[in-house]
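Here is a short report for a reader who is new to this structure. Take a look at the sequence and the model, then read on.

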Amino acid sequence: MRDGLQAYCRDCRAEYHQSRQLARGKNIRPRVTTSEGHKFCRSCGEIKSHSEWHRNATASDGLSTRCKACRAAEGRANHLRRSYGLTEAERDAMVVSQRGLCAICLDGPPEHVDHCHKTGRVRGVLCFNCNSAIGKLRDDPDVGRRAVAYLEGNLWKPTLVAPGVYQLPS
């Protein structure tokens with residue numbers, strides 16, 4: 001109206017809007033009342049304090065639409081899907097098939113998805129140390145074989161027989 005006010009109070013207007021949405025066949029979310037300093041997360045269905053929410057300056061209450069825990073879980077799921085084409089269930093199935101252990105050292109907790117950087121094919125789920133070791137070996141099987149030979153004491157040291165001619169150890 002001209003004076004900047006609506007013809008109906010806020011509660012009556014909200015009730016009218018909900019009745020119109022129901023008449024159109026739309027789903028109406030029930031209103032959840034919370035105490036001061038708390039907010040309801042529609043993803044997990046819990047009421048949490050404002051400290052458990054990210055800030056959002058454009059929102060009317062200044063807080064995000066999902067709590068920090070729900071946003072983190074969604075971020076992890078999106079990372080798996082974008083980077084490796086996996087769902088969390090598929091990754092969990094791989095961990096179970098590895099008996100809940102790292103596929104290489106059979107000791108650490110499998111937390112990192114390992115993949116071939118050339119083809120993008122997922123190879124398994126590794127612990128942090130084994131995953132970084134493969135990365136430092138540049139995903140090259142020959143470098144890995146030389147590393148194993150070095151660890152076993154079979155150091156690859158060619159000896160110079162003649163200029164430009166090297167002999168490998170037997």
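## A buried aspartate and its surroundings

Asp-114 sits in strand E5, which covers residues 112-115. The model is a predicted one. Is Asp-114 buried or exposed? Asp-114 counts as buried because its relative accessibility is 6%, and the cut-off for buried is under 20%.

What does Asp-114 touch, beyond residues up to four places away in sequence? Its contacts are Arg-121, Val-122, Arg-123, Gly-124, Leu-126, Asn-131 and Ile-134. Asp-114 also belongs to a network of salt bridges, together with Arg-123 and Asp-139.

## The hairpin of E5 and E6

Strands E5 and E6 form a hairpin. Six residues lie between them. In the turn, Gly-120 has a positive phi of about 85°. The two strands run antiparallel, and four bridges join them. His-115 stands opposite Val-122 of E6.

Strand E6 is mostly covered. Four of its five residues are buried. Arg-123 is in strand E6, and Arg-123 counts as partly exposed because its relative accessibility is 34%.

## The largest nonpolar core

Which residues make up the largest nonpolar core? There are eight: Leu-80, Tyr-84, Leu-86, Met-94, Val-95, Val-113, Val-122 and Val-125. Helix H2 (68-84), helix H3 (88-97) and strand E6 (122-126) each give two or more residues to this core.

Met-94 is one of the core residues. Neighbours within four places in sequence aside, Met-94 is in contact with Leu-86, Val-122, Arg-123, Gly-124 and Val-125. Val-122 also appears among the contacts of Asp-114.

## Salt bridges

How many salt bridges does a search of the whole structure find? The search finds six. Side chains of opposite charge can pair when their charged atoms come close. The table lists some of these pairs.

| Pair | Closest N to O distance |
|---|---|
| Lys-39 and Asp-61 | 2.9 Å |
| Asp-92 and Arg-91 | 3.2 Å |
| Asp-139 and Arg-123 | 3.4 Å |

Take the salt bridge between Lys-39 and Asp-61. This pair links distant parts of the chain, 22 residues apart. Lys-39 is in strand E1 (residues 38-40). Asp-61 is in the loop between strand E3 (53-55) and strand E4 (63-67). Lys-39 is buried, with a relative accessible area of 17%. Asp-61 counts as partly exposed, at 41% relative accessibility.

Next comes the salt bridge of Asp-139 with Arg-123. It also links distant parts of the chain, 16 residues apart. Asp-139 lies in the loop between helix H4 (128-136) and helix H5 (141-151). Asp-139 is partly exposed, with a relative accessible area of 24%. Asp-139 and Arg-123 are in a network with the buried Asp-114.

The remaining pair in the table is Asp-92 with Arg-91. Asp-92 counts as partly exposed at 38% relative accessibility. Arg-91 is partly exposed as well, with a relative accessible area of 21%.

## A residue in helix H1

Gln-21 is found in helix H1, residues 10-23. Is Gln-21 buried or exposed? Gln-21 is buried, because its relative accessible area is 15% and buried means under 20%. Leaving aside neighbours within four places in sequence, Gln-21 is in contact with Lys-26 and Ile-28.

## The chain as a whole

The protein chain has five helices and eight strands. Along the sequence, they follow the pattern α-β-β-β-β-α-α-β-β-α-α-β-β.

What is the radius of gyration of the protein chain? It is 29 Å, whereas a compact globule of 170 residues would have one near 15 Å. The C-alpha atoms fill a box of roughly 100 × 40 × 35 Å along the principal axes.

Buried residues make up 18% of the 170 residues. The accessible surface comes to about 13,500 Å². Carbon and sulfur atoms hold 52% of that surface. Among contacts with a separation of 6 or more, 19% are between residues 24 or more positions apart.

Terms used. Residues are numbered from 1 along each chain as its sequence is written. This is a predicted model: local features need pLDDT of at least 70, side-chain atom pairs count only at pLDDT 80 or more; totals for chains, interfaces and linings use all residues. Side-chain values use heavy atoms; hydrogens and water are left out. A nonpolar core is a set of buried Ala, Val, Leu, Ile, Met, Phe, Trp, Tyr and Cys residues joined through side-chain atoms within 4.5 Å. Buried means under 20% relative accessible area, exposed over 50%, partly exposed in between (1.4 Å probe, protein chains only). Contact means heavy atoms within 4.5 Å. A salt bridge is a side-chain nitrogen of Lys or Arg within 4 Å of a carboxyl oxygen of Asp or Glu. The radius of gyration is taken over C-alpha atoms; the globule rule is 2.2 Å times the number of residues to the power 0.38. Accessible areas come from the Shrake-Rupley method with a 1.4 Å probe; for residues, only the protein chains shown count as cover. Two strands pair if DSSP finds at least two bridges between them.
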